[in-house]
Amino acid sequence: MMSLASYLIISLVLFVVGLVVMIARKNIVAILLGIELILNAAALNFVAYSRYVTNNLDGHIFSLFIIVVAAAEAAVGLAIVIRFFQIKETIHIDEATQLRN
Amino acid sequence: MIQQLFGYLSLYIPEVICVILMTTLLVAESTVKDENASRGKIIGYALAVLLVTLGFLFSNLGEAPEHIFHNAITIDPFSTLIKIVMVVGTMGAIFLSYSSKDIYPNLKSEFSIMAVGVLIGGMLLASANNMLTLYLGIETLSILSYVMSSFKRDEASSTEAGMKYALYGGLSAGVALYGISHLYGALGSIQFVEMVAKLPSLQGTSLAIVLVSFVLFFVGIGYKISLFPFHMWTPDVYQGSPIPVTAFFAIVPKMAGLAALIRISMIFFSEVQVLTVSWVGLMIVISAMTMTVGNVTAIGQNSVKRLLAFSSIGHVGLMILGVVVLNDVGIRAILFYGIVYMFMTLIAFYITSHLSDMYGTDSYDVFRGLIYKHPVMAIIMAAVLFSLAGMPPFSGFIAKFNIFSVVIEKKLYGIAIVAAINSVISLYYYVKLAKTMIFGQADGEVKVAGFTPMNQAVIIGLFIPVLFLGIFWEKVMVISGNAVIYIK
C-alpha cells in the first residue's frame with residue numbers, strides 16, 4: 001500500500017536531483033533535463049495531494065497544464081540551444097562568456 | 001449560464017482583442033508578399049489595435065470589480081491600471097522596433113507578434129485569482145521572452161542572452177511550482193480566497209511547510225521582477241537582447257510581476273500574525289539588498305544598457321517597499337511609481353537606441369557631446385536621468401516621495417535611511433552620464449540619423465508626462481488611489 005509520504009519522498013528526491021543536475025552538469029541539454037525533473041517533481045506532488053488529501057480535481061488539472069507548459073518550454077529551450085550550437089559549435093555552458101561585467 | 005458568460009466576456013474584451021491581434025498578425029506576417037512595403041502597415045495595424053485595447057481598458061477602469069470565469073480571473077481597477085501601463089509600454093516598444101536597426105528587418109513584424117504575446121501573459125498574471133492562472137501567466141510571459149531575447153540570432157551574445165534567460169527562468173519557475181504544489185497540499189485548494197480561509201487554522205508542521213512553500217513560491221515572482229538573489233540574469237539578458245526588446249523587458253514583465261507580488265501579499269499576508277511578520281521581514285531585507293546591489297553595481301558599468309538594467313533593479317527594490325506596508329496607500333505609491341517609471345524608461349531607451357544604432361555600440365561614449373548635436377534630445381535625456389534619480393521638479397521625485405512617506409508613516413526608519421542612501425548613490429551614476437552628454441567633447445557635427453522629426457516628436461510627447469506629473473500629480477494620484485485590489 002502506497003502512502004502519501006512515499007510520493008512526497010519521491011518527488012523531493014526528483015526535485016533535489018534536478019537541482020543538482022542543474023548546478024553540477026556543464027552540458028546545456030543536461031541542464032534542460034534538470035528543469036524537466038523539477039517540473040515533474042511538482043506535477044507528481046499535485047497528483048499525490050489530489051488523491052490523498054484534498055479529494056478535488058484541481059491537482060489533476062494543474063499537472064496536465066504543467067506537462068503542456070513543460071513541453072513548450074523545452075521546445076523553445078532546445079531551439080535556442082541549437083542556435084547556440086550552430087554559432088559556437090559546442091553546448092558547454094562555460095563557453096557562454098560573451099556577457100559579463 | 002450563457003448570459004453570464006457573455007457578461008464575463010464584456011469585462012474581458014481587452015484580452016480577447018489582444019489574442020485576436022496576435023493571431024491576425026501571425027496570419028498577416030506569413031502571407032504578405034512584399035515584405036518591405038507592408039512592414040510599416042503591419043506595425044501600424046498592431047499599434048492601432050493596441051490603441052483600441054487601451055480605450056476598452058480605460059472604460060473598464062470605472063466598472064465595479066468582479067471575479068470572472070469561476071473565480072479564475074479578477075477584473076478590478078488595480079489590474080486594469082497595470083494593464084494600461086503594460087499596453088502603453090508595449091506600444092512604445094513596438095514603435096521603437098520599427099526604426100531600430102538592432103532588430104533584423106525581416107523580423108520586425110515578428111517582434112510585434114511576440115510583444116503582444118508577452119502582453120497577453122502579463123495581463124493574465126496581473127489579474128490572476130488562482131494559482132493556475134498565475135502559473136500560466138508567468139509561463140506565457142517567460143517562454144515568449146526567451147524567444148525575444150535571442151532575436152538577433154546571428155550574434156553569439158543575443159543567443160547567449162536567450163539561453164541564460166531560458167535556463168534561469170526554467171529553474172525558478174520549477175522551484176516556484178514545487179512551492180505551489182505544497183501550498184495546494186497544505187491548504188487544499190488553488191483558489192486564493194479558499195486558501196486564505198484555511199490559513200488561520202494552521203499549526204506546527206503545516207505552518208512551517210506553508211512558510212517554506214511561500215519562500216519557494218516567491219522565487220518565481222522574485223526572478224521575474226529581478227529581486228536580489230535572483231537578479232543575476234538581468235544585466236546579461238538586457239545587454240545581449242536588442243534594445244527594443246530590452247526596453248520592453250524593463251516595463252511589461254516587471255509591471256506584471258509586481259502586480260502579482262502585490263496581489264499575493266495583500267491577499268495572503270494581512271490575516272495571520274506569524275506569516276505577516278515573516279513576510280514583511282523578508283521583503284524589507286530583500287528590498288534593501290536589491291536596491292544596494294542594483295545601485296552599487298551600476299556605478300562601474302560602461303555599457304548604457306547594462307547601466308539601465310542595474311538601475312531598473314534599484315527601482316524595483318524601491319518599489320517593493322510599497323508592498324511592505326500592506327495597505328492601500330502603499331499600492332497607490334507603487335502604481336504612481338510604475339506609471340512614471342514606464343515613461344522615463346521608454347525615453348531613456350529611445351534615445352540610447354537611436355544613438356547606438358548610429359555608432360554600433362552602447363558605451364557611454366556614444367553620448368559624448370550630444371548637446372552640441374541635438375540640444376533638445378540631450379536636455380530631455382538629462383531631465384529623464386535627473387527624474388530617475390529623483391530630483392525635485394520632475395515626476396521621479398513625487399514617485400520616490402510617495403514611497404518614502406508610506407514607509408516613514410509605518411515607522412520603518414532603518415529601511416528609509418537605506419533607501420535614501422541608495423538615492424544618493426544612484427544620483428552619482430545618472431549625473432555621470434549627464435556630464436558626458438553635456439561637457440564631453442563632440443566628435444564632429446554629424447547628426448544622428450535616428451532622430452527623425454517623427455521620432456523626436458514621440459520622445460517629446462513621452463517627456464510631457466515626466467515633466468508635468470512632477471507638478472500636476474493630483475489627478476494621476478487619485479486614479480492610482482482608486483485602483484484598489486478586490487479580494488473577496
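Okay, one definition before we start: when I say helix or strand, I mean a DSSP run, with at least four residues for a helix and at least two for a strand, numbered from the N terminus. With that in hand, chain B comes to 21 helices and 2 strands. And please keep in mind that what you see above is a predicted model.

How much should we trust it? The model scores ipTM 0.95 and pTM 0.93. For chain B the mean pLDDT is 88, and 99% of the residues reach 70 or more. Among the elements of chain B, H6(B) has the highest mean pLDDT, 93, while helix H1, residues 2-11, has the lowest, 82.

Let's look at the overall form of chain B. What radius of gyration would a compact globule of 488 residues have? Near 23 Å, and chain B has 22 Å, which agrees. If you draw a box along the principal axes, the C-alpha atoms fill roughly 70 × 55 × 45 Å. Of those 488 residues, 58% count as buried. Now take the contacts in chain B with a separation of 6 or more: 79% of them come from residues 24 or more positions apart.

Chain A is another story. It has 3 helices and 0 strands, and from the N terminus on, the elements just run α-α-α. Its radius of gyration is 17 Å, well over the 13 Å that the globule rule gives for 101 residues, so chain A is more spread out than a compact globule. You can see that in the C-alpha trace too, which spans about 50 × 25 × 25 Å along its principal axes. In chain A, 36% of the 101 residues count as buried. For contacts with a separation of 6 or more, residues 24 or more positions apart account for 50% in this chain.

So where do the two chains meet? The contact takes 34 residues from chain A and 34 residues from chain B. On the chain B side, the elements that give two or more residues are helix H6 (131-149), helix H7 (156-187) and helix H10 (233-240). H7(B) supplies the largest share of that side, 20 residues. Sort that side of chain B by class and you get 16 nonpolar, 13 polar and 5 charged residues.

Let me zoom in on one residue of chain A, Val81(A). It sits in helix H3, residues 58-88. Is Val81(A) buried or exposed? Count the other C-beta atoms within 10 Å: there are 21, and the cut-off is 20 or more, so Val81(A) is buried. Leaving out residues up to four places away in sequence, Val81(A) touches Ile28(A), Val29(A), Ile91(A) and, over in the other chain, Met163(B). For a sense of distance, Gly59(A) is 22 residues from Val81(A) in sequence and 32 Å away in space, C-alpha to C-alpha.

Back to chain B, and inside. The largest nonpolar core has 198 residues, and the ones with the most contacts inside it are Leu119(B), Leu125(B), Ile347(B) and Val384(B). H15(B) gives the most to this core, with 19 residues. As for Leu119(B), once you set aside its neighbours within four places in sequence, it is in contact with Cys18(B), Met86(B), Val87(B), Thr90(B) and Val252(B).

Next, a helix you can check with simple arithmetic: H18(B), residues 395-409. What span should its 15 residues have at 1.5 Å a residue? The answer is 21 Å, and the end C-alpha atoms are 21 Å apart, which agrees. Its buried residues include Phe397(B), Ile398(B), Ile403(B) and Val406(B). What covers the buried residues of this helix? Among the things that do are H13 (304-319), H15 (328-359), H17 (375-389) and H20 (453-468) of chain B. Just after H18(B), Lys411(B) takes a positive phi of about 65°.

Last stop: Asn422(B), which lies in helix H19. It has 22 other C-beta atoms within 10 Å, so Asn422(B) is buried. Beyond residues up to four places away in sequence, it touches Met291(B), Thr292(B), Asn295(B) and Gly314(B). Compare the sequence with the space here: Asn422(B) and Thr234(B) are 188 residues apart along the chain, and 19 Å apart from C-alpha to C-alpha.

That's my tour, thanks for listening!

Technical notes
Residues are numbered from 1 along each chain as its sequence is written. Chains are lettered from A and ligands numbered from 1 in the order in which they are written. This is a predicted model: local features need pLDDT of at least 70, side-chain atom pairs count only at pLDDT 80 or more; totals for chains, interfaces and linings use all residues. The expected span of a helix is 1.5 Å times one less than its number of residues. A residue is buried if 20 or more other C-beta atoms lie within 10 Å of its own, exposed if 12 or fewer, and partly exposed in between; C-beta atoms are placed from the backbone. Two residues are in contact if their C-beta atoms, placed from the backbone, lie within 7 Å. Ala, Val, Leu, Ile, Met, Phe, Trp, Tyr, Cys and Pro count as nonpolar, Asp, Glu, Lys and Arg as charged, and the others, Gly among them, as polar. A nonpolar core is a set of buried Ala, Val, Leu, Ile, Met, Phe, Trp, Tyr and Cys residues joined through C-beta atoms within 7 Å. The radius of gyration is taken over C-alpha atoms; the globule rule is 2.2 Å times the number of residues to the power 0.38. pLDDT is the predictor's confidence in each residue, from 0 to 100.
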